[in-house]
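Here are my notes on this one, as numbered points you can check against the coordinates. Have the viewer open while you read.

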Amino acid sequence: MSKIFSILVIILTINNVVAQNRFNKAFRNEIRSTKNHMKIEFNDNYGNQGSLPISIIKGAIDGPVFTVVAGVHGYEYPPIIAVQKFLNQIDVKKLKGTLIIIPIANTASFFTRTPFINPQDQKNLNNAFPGNKDGSITEQIAYFITQNVIPVSDVFLDVHGGDACEDLLPFVCYYNNKKKQNQTALAKTLSENSGFQYVVSYPYNISDKDPAKYVFKQAVQDGKTALSIECGKLGNVQEENVSLIKNAIYNMLFTMHMYPKATEPHKNIIYRNSQEYIKSNVQGIFYSSHKAGDLVTKDEIIGYTSDEFGKVLEEYKATKEGVILYMLATPPVNIDDTIMCISSFEDN
């Protein structure tokens, strides 16, 4: 058994080296005005196989490296479709610098229509960073992005949406990392120029040695300018949200002086910097008359959970005044599910 395990470790090591070399060779290629599409293959000790699609787009002249990742959660469709359209539209002759595009980071989740996790190893890619080169397939994908994609990026954009059960108000967000003021300032500027009305900042409260868990938080931890988009909901493709995401990418590239196409920033930007999460303590059937984007007041009743016979098990109240950024929008609810995220602005 130990000999078989040793052989598997050797095979995984060789695969990791080959994948890394393939990506680096394409990225270091000095030929410009090109699009290079590749699939990085992964295998783990549990018999799982998968791939990470990556496009490396070289502009006509040298410049910054801008990375866009979609499909970390494969059931979040508007980001994936927006990136597909962007890939087909971008004119390399007008591009300055390099784009690294990961159109679907979690392909197993996407093709099996599985919310949140990779069904192969039951792990959430957006909880797996910095990853593990010898771990399960999700951990290997996280490790590859951490070790190869993030280090060469100047700006790292992670695009999400509401998963199968989530209603969501479109917004752009970044971490307020006070130790990296220049990167934070650029992330804020990119957010403001994105075209989204809601600009949300999160506190950055981890050390350099803590696991980042989230992909764009890993980029922040590694000293990069990083931000995220949340746009789309309920496991459907909404064309207006696809357009919002696509235009936001163009706007950010325009801000970075990488591409001439852009739309105007939103004329009435709303800032939010304080979020509270209301969670369920029971399993049952969730009811609420609210939706994402609604304004709520402190102590307002925002929903309840009943058992299978209609008996109320738990009632939920707003813990603060604010706007509902996202919320559970389907009846099934389990213990520790996030019922709602309420966001407000606090003058610090």
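1. Start with the pairing at β17: I285 stands opposite P332 in that strand. Next to look at is G284, which faces V333, also in β17. The two strands concerned, β12 (residues 284-287) and β17, pair in the antiparallel sense over two bridges. Bear in mind throughout that this is a predicted model.

2. β12 has a partner in β14 (residues 301-306) too, where three bridges join the two strands, again antiparallel. If you want a residue to click on, F286 has T305 of β14 as its bridge partner.

3. Zooming out, these strands belong to an open sheet of four, in the order β15-β14-β12-β17, with antiparallel pairing. Which strands stand at the edges? They are β15 (312-317) and β17 (332-333); each has a single partner strand, so one side of each is left without a neighbour in the sheet.

4. On to helix α4 (residues 137-149). Its 13 residues should span 18 Å at 1.5 Å a residue, and the end C-alpha atoms are 17 Å apart, which agrees. Ten of the 13 residues are buried, so the rest of the structure largely encloses this helix. Among the buried ones are I137, I141, F144, I145 and V149, but also T138, Q140 and N148.

5. E139 sits in α4 as well. Is E139 buried or partly exposed? Its relative accessibility is 22%, and the cut-off for buried is under 20%, so E139 counts as partly exposed. For a distance to check, E139 and N124 are 15 residues apart in sequence, and their C-alpha atoms are 9.2 Å apart in space.

6. Now the cysteines. The structure holds zero disulfides. Why is C165 not bonded to C341? The C341 sulfur is the closest cysteine sulfur to that of C165, yet it is 14 Å away, too far for a bond. C173 is in no disulfide either, and its nearest cysteine sulfur, again that of C341, is 10 Å away. With a relative accessible area of 2%, C173 counts as buried.

7. The largest pocket holds about 1,200 Å³ of space. It is lined by 36 residues, and those closest to its centre are N126, E166, Y214, Y277 and Y326. By class, the lining has 15 nonpolar, twelve polar and nine charged residues.

8. Where does that lining come from? Several elements supply at least two residues each, including the strands β5 (155-160), β6 (166-168), β7 (171-176) and β8 (198-203). Helix α6 (215-221) does so too, as do β9 (225-230), β11 (274-279) and β16 (322-328).

9. Last, the enclosed space. The count comes to one cavity of 30 Å³ or more, and the largest cavity has a volume of about 50 Å³. Its lining is made up of Y175, N177, K180, Q183, T184, A187, V220, K224 and A226. Helix α5 (residues 181-192) gives the most to this lining, with three residues. By class, the cavity lining has four nonpolar, three polar and two charged residues.

Terms used: Residues numbered from 1 in each chain as written. Predicted model: local features only at pLDDT ≥ 70, side-chain atom pairs only at ≥ 80, totals over all residues. Heavy atoms only, no water. Disulfide = S-S within 2.5 Å. Buried < 20%, exposed > 50% of the residue type's maximum accessible area, 1.4 Å probe, protein only. 1 Å grid on protein atoms, 1.4 Å probe; cavity = no way out; pocket = protein on both sides within 12 Å on 5 of 7 lines; lining within 4 Å. Points joined across faces, edges and corners; volume = space filled by probe spheres on them. Nonpolar A, V, L, I, M, F, W, Y, C, P; charged D, E, K, R; others polar. Expected span 1.5 Å × (residues − 1). Pairing = 2+ DSSP bridges.
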